[in-house]
Amino acid sequence: MNNETENTAPVTETAAPAPARESRGRGRRDGQNGRGRGPRREGRRQQTEAPVEEGPQLAEKVVFINRCAKVVKGGRRFSFSALVVCGDMEGRVGYGFGKANEVSDAIRKATEAGKRQLRPVAIANGTIPHEVYSEFGGGKVLLKPASPGTGLIAGNTIRAVLEAAGVRDIVAKSLGSSNHANVVKATLQALASLRTSEQVLADRGKKKEKAI
């Protein structure tokens with residue numbers, strides 16, 4: 001008889017905790033377990049899923065990435081420089097130049113610099129108002145207006161600047177050095193010198209006559 005009582009006692013102790021686990025589980029699912037983990041998690045989700053306001057989207061185009069190697073005692077150390085053109089494709093464009101030990105950091109620095117140097121550009125019906133020629137260092141650029149549907153007829157460097165500015169129809173030619181930095185600066189200088197007919201008449205104190 002003593003053996004039977006000793007064997008049955010552990011059975012009653014192990015069977016008792018089962019309902020307690022079920023009650024705790026139901027309490028957690030219902031969010032009434034005293035700790036309140038459920039509502040806190042819901043509040044956190046609402047905070048993280050809240051929409052974030054973003055500024056105007058800018059087009060970023062990497063024009064050129066240069067790698068520089070410095071020979072030291074232990075080997076060679078590489079650094080990178082990036083030339084990036086930024087624009088809102090609606091008449092504002094700028095460029096930036098950045099240096100870093102990693103390509104991504106160089107592009108980021110150049111992009112931030114380009115966003116701070118946006119300049120307005122005179123655009124008329126998707127093209128430029130008139131023909132313009134500009135020089136910067138060894139870079140020489142010629143831009144001519146084109147009729148709708150012509151597209152961008154230009155090299156890669158000039159095309160990046162014109163696309164970021166929002167020009168759709170143009171004929172462009174680089175006549176001097178192929179240095180990317182000088183070509184970009186010459187193109188931006190040419191775009192900055194453009195003037196519409198309204199601006200010219202305003203400087204002369206006249207108004208444009210409406211066609212009858």
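A residue counts as buried when its relative accessible area is under 20%, and as exposed when that area is over 50%, with partly exposed in between. By this cut-off Cys 86 is buried, since its relative accessible area is 0%. Cys 68, at 42% relative accessibility, falls in the partly exposed class. The structure discussed here is a predicted model, and a search through the whole of it returns 0 disulfides.

The sheet is a convenient place to start. Four strands form an open sheet in the order 1-2-3-4, and their pairing is antiparallel. The edges are taken by strand 1 (59-72) and strand 4 (119-120); each has a single partner strand, so one side of each is left without a neighbour in the sheet. Between strand 1 and strand 2 (residues 75-87), the antiparallel pairing runs over 13 bridges. Within this pairing, Phe 64 has Leu 83 of strand 2 as its bridge partner.

Next comes the packing of nonpolar residues. In soluble globular proteins, nonpolar side chains tend to be buried together. In this model the largest nonpolar core holds 29 residues, and those touching the most other members are Val 93, Leu 143, Ile 158, Leu 162, Val 184 and Leu 191. Two or more residues are given to this core by each of strand 2, strand 3 (92-100), strand 6 (139-145), helix 5 (156-165), strand 8 (170-174) and helix 6 (180-192). A second core, separate from this one, has 7 residues, among them Ala 82, Val 84, Cys 86 and Ala 106. The buried Cys 86 described at the outset, with its relative accessible area of 0%, is thus placed in the second core.

Val 184 gives a closer view of the contacts. Leaving aside residues up to four places away in sequence, Val 184 touches Val 63, Leu 83, Val 85, Tyr 95, Thr 157 and Val 161. Among these contacts is Leu 83, the residue that serves as bridge partner to Phe 64.

Helix 5 deserves a paragraph of its own. Of its 10 residues, 7 are buried, so the helix is largely enclosed by the rest of the structure. The buried positions are Thr 157, Ile 158, Ala 160, Val 161, Leu 162, Ala 164 and Ala 165. Two of the residues just named, Thr 157 and Val 161, are contacts of Val 184. After the helix comes Gly 166, which has a positive phi, near 100 degrees.

Turning to charged pairs, the search of the whole structure finds 4 salt bridges. One of them joins the side chains of Glu 163 and Lys 61, at 3.3 Å from N to O. Glu 163 belongs to helix 5 and Lys 61 to strand 1, so this pair ties together parts that are 102 residues apart in sequence. Glu 163 is partly exposed, with a relative accessible area of 25%, and Lys 61 is likewise partly exposed at 25%.

Another salt bridge links the side chains of Glu 112 and Arg 108, at 3.6 Å from N to O. Both residues sit in helix 4 (residues 103-115), 4 residues apart, which is about one turn of the helix. Glu 112 is partly exposed at 39% relative accessibility, as is Arg 108 at 41%. A further salt bridge is formed by Arg 195 and Asp 203, whose closest N and O atoms are 1.9 Å apart. Here Arg 195 is partly exposed, at 38% relative accessible area, whereas Asp 203 is exposed, at 58%.

How values were computed
Residues numbered from 1 in each chain as written. Predicted model: local features only at pLDDT ≥ 70, side-chain atom pairs only at ≥ 80, totals over all residues. Heavy atoms only, no water. Pairing = 2+ DSSP bridges. Core = buried A, V, L, I, M, F, W, Y, C linked by side-chain atoms within 4.5 Å. Buried < 20%, exposed > 50% of the residue type's maximum accessible area, 1.4 Å probe, protein only. Contact = heavy atoms within 4.5 Å. Disulfide = S-S within 2.5 Å.
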